[in-house]
Amino acid sequence: MLLVLFGVSLVTFAIVPLLPGSPARVTLGVQATPESVAALEERMGLDRPLAVQYVDWIGGIVTRGDFGTSLISGAPIGREVLRRLPATFSLALVALAFGLLIALPAGFVSALRPGSGRDLSVSVLSQLGVSVPDFWMGILLILLFSETLGWLPSSGYEPLSSGFWPWFSHILLPAATVGIISGSIMTRFVRSALMEVLGQDYVRTAHAKGVPRTKVLRKHVTRNAAISIVTIVGLQMATLLSAVVVVEIIFAWPGLGQLALTATLQRDYPALQAAVLLSAVIFTVVNLATDLSYTFLDPRVTYS
Amino acid sequence: MSQAAARGPGFWRKALRHGLVIAGGSIVLLLGLAALLGNVIAPYDPNAMDFTARFSPPTLAHIFGTDEFGRDLFSRILDGASVRVKVAFIAVGISAVAGVTLGLVAGYSGGWVDEVVMRVMDVFFALPAVLLAIVVMAILGRGIENAMIAIAIVYAPIFARVTRGAVIAVRDREFVNAARALGQGRLRIMFAHVLPNALGPIIVQTSLSLAFAILAEAALSFFGLGTQPPDPSWGRMLSEGRAYLSQAPWMGIFPGLAIMVSVLGFNLLGDGLRDVLDPRYRGRS
């Protein structure tokens, strides 16, 4: 995992040297003289060897949380990122909850009666959900709930501290957009995880010895399917974070994804680096947490 | 053997009877037709402006309605199909060649080569796909060629992973050992014996990746990073339509529908092919 994080930091760092035109030129604009660009590069430390620049950059992040300063506003990026983290986190979490709210019941319904009409409609809907572009889903929800019905705001973010309803009414549409899509993907995995367990001998045995159906489902099936389901949820975080990036942009949600896109469009590279690095770190940590959760769910798994 | 079935006559018979393959294949075929003949069947010139028919709702004359310049949306969507298909196939082509080669070398060689290649792939997996694509676009600059490269880079690691898994499953089989015993060269064994028998999962992944590629190109164009005007990109049509949602909702509906149906086609085809090529998956996804 540390190796992956190291690799990610190298890739992220490499963005700036790989770019056409140095950050100094971006800061000064196209009319700057070569001398003033060179002078600013020296002041920004861009004339030093890449290895030294890398150590300096990553050292600043790890020891002081210093991501550098924005080329556009001149403000420290660390603070900007910190301000945006809660917005991205809350959106990802509510979206995940939304997705599970779809995937668990739908997966159960179709796995218990494979081949039935209900199973078929669930798989048709989930195929559609997987194929919908996330930004289009956002547009459709805005069209219906904001433009036509006028029930919910179409953009913006309110922190939880300003009250539950302001927060919830703003988060509902973006979270639903991401949730419907990741829920569709998860439904298919929940279904196959359950089918797998339902076919096991111990489930048949439990049925045969007269254990009530709900108890079999609760104690034997759900518990044993939980591992695969947790894995799916962990793996879903990649798709989820990707969709969150897109949805943040559509709903003017002040999170990391929006930061990444505006940074790209304005050529504010330190900000882009910060957004990319943090997203990758979050994803890697979620993966680790997924692995560790197995020890709780399955006593047979131990990590030494 | 499932992989070998990819080449036998039994494959086509089974595939052509499979519901998902038929449904997905038909959509893909329609998309292909739209891409080839879009300009011929389009009722209007896709770029012709008609200020007397601005924001026309869907009518018999304009079945998908018109945009803020009075351009016919149906013609524009048809006209956009060829570039969408071209971008998807080129991007996935690059991605597959790079990913399959890496996966083949890693899976067949094993040892440190495998370790190094797959750890590098892990790094790319740790970045959310859209973010990675945005980063590549930031480095390369906007435009359609760069969008293809970005999409190729994002999805190559998946090809590498899929290929590696399939290669490991066949690399120690008898026919590979026999080729080795006959003294054939490494490259020849890898490409002539191992790869053809690992094709099943790669074919499936190709179809699913075409779906991703159409989505990704639409997303990049939606953000203004992909194709530039006057190409009627479905993603950009959506982002233009956003400004007129309350006035002309059809501008926000039909381009998205075109994207979804195309993606659905490749997804269904991919799932169906997986059923046909790998019986273990039947009825599970």
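Here is a short tour of this predicted model, covering its confidence, its aromatic rings and its cavities.

**How confident is the model?**

Start with the overall scores: ipTM comes out at 0.78 and pTM at 0.83. For chain B, the mean pLDDT is 83, with 94% of its residues at 70 or more. Two stretches of that chain deserve some care. Residues 1-6 of chain B have a pLDDT below 50, and in the model this stretch has 13 contacts beyond near neighbours in sequence. Residues 281-285 of chain B also fall below 50, and there the count of such contacts is 14.

**Rings meeting rings**

Searching the whole structure over all chains turns up 14 aromatic pairs. Two of them are set out here.

| Pair | Centre to centre | Angle between planes | Type |
|---|---|---|---|
| A:Phe13 and A:Tyr54 | 5.4 Å | 75° | edge-to-face |
| B:Phe89 and B:Phe266 | 6.3 Å | 70° | edge-to-face |

Take the chain A pair to begin with. A:Phe13 sits in helix H1 (residues 2-18) of chain A and A:Tyr54 in helix H4 (residues 50-64) of chain A, so the pair links distant parts of the chain, 41 residues apart. How much of each ring residue is accessible? A:Phe13 has a relative accessible area of 11%, which makes it buried, and A:Tyr54 is buried too, at 12%.

Now for chain B. Which helices does the B:Phe89 and B:Phe266 pair tie together? B:Phe89 belongs to helix H3 (residues 73-109) of chain B and B:Phe266 to helix H11 (residues 250-277) of chain B, so the pair joins parts that are 177 residues apart in sequence. Is B:Phe266 buried or exposed? B:Phe266 is buried, with a relative accessible area of 4%, while B:Phe89, at 46%, counts as partly exposed.

Back in chain A, ring pairs also link A:Phe164, A:Trp165, A:Trp167 and A:Phe168 into a cluster. And in chain B a ring has a charge for company: the charged end of B:Arg161 sits over the ring of B:Phe125, 3.9 Å from its centre.

**Empty space inside**

How many cavities of 30 Å³ or more does the structure hold? There are 2, and the largest has a volume of about 70 Å³. Both chains contribute to its lining, which includes A:Thr88, A:Leu241, A:Ser279, B:Pro128 and B:Leu131. Helix H10 (213-250), helix H11 (256-266) and helix H12 (269-297) of chain A each provide at least two lining residues. The largest share, 3 residues, comes from H10(A).

Terms used:
Residues numbered from 1 in each chain as written. Chains lettered and ligands numbered in written order. Predicted model: local features only at pLDDT ≥ 70, side-chain atom pairs only at ≥ 80, totals over all residues. Heavy atoms only, no water. pLDDT = per-residue confidence, 0-100. Contact = heavy atoms within 4.5 Å. Phe/Tyr/Trp six-rings, centres within 6.5 Å; stacked < 30°, edge-to-face > 60°. Helix = DSSP H or I, 4+ residues; strand = E, 2+ residues; numbered from the N terminus. Buried < 20%, exposed > 50% of the residue type's maximum accessible area, 1.4 Å probe, protein only. Lys NZ or Arg CZ within 6 Å of the ring centre and 35° of its normal. 1 Å grid on protein atoms, 1.4 Å probe; cavity = no way out; pocket = protein on both sides within 12 Å on 5 of 7 lines; lining within 4 Å. Points joined across faces, edges and corners; volume = space filled by probe spheres on them.
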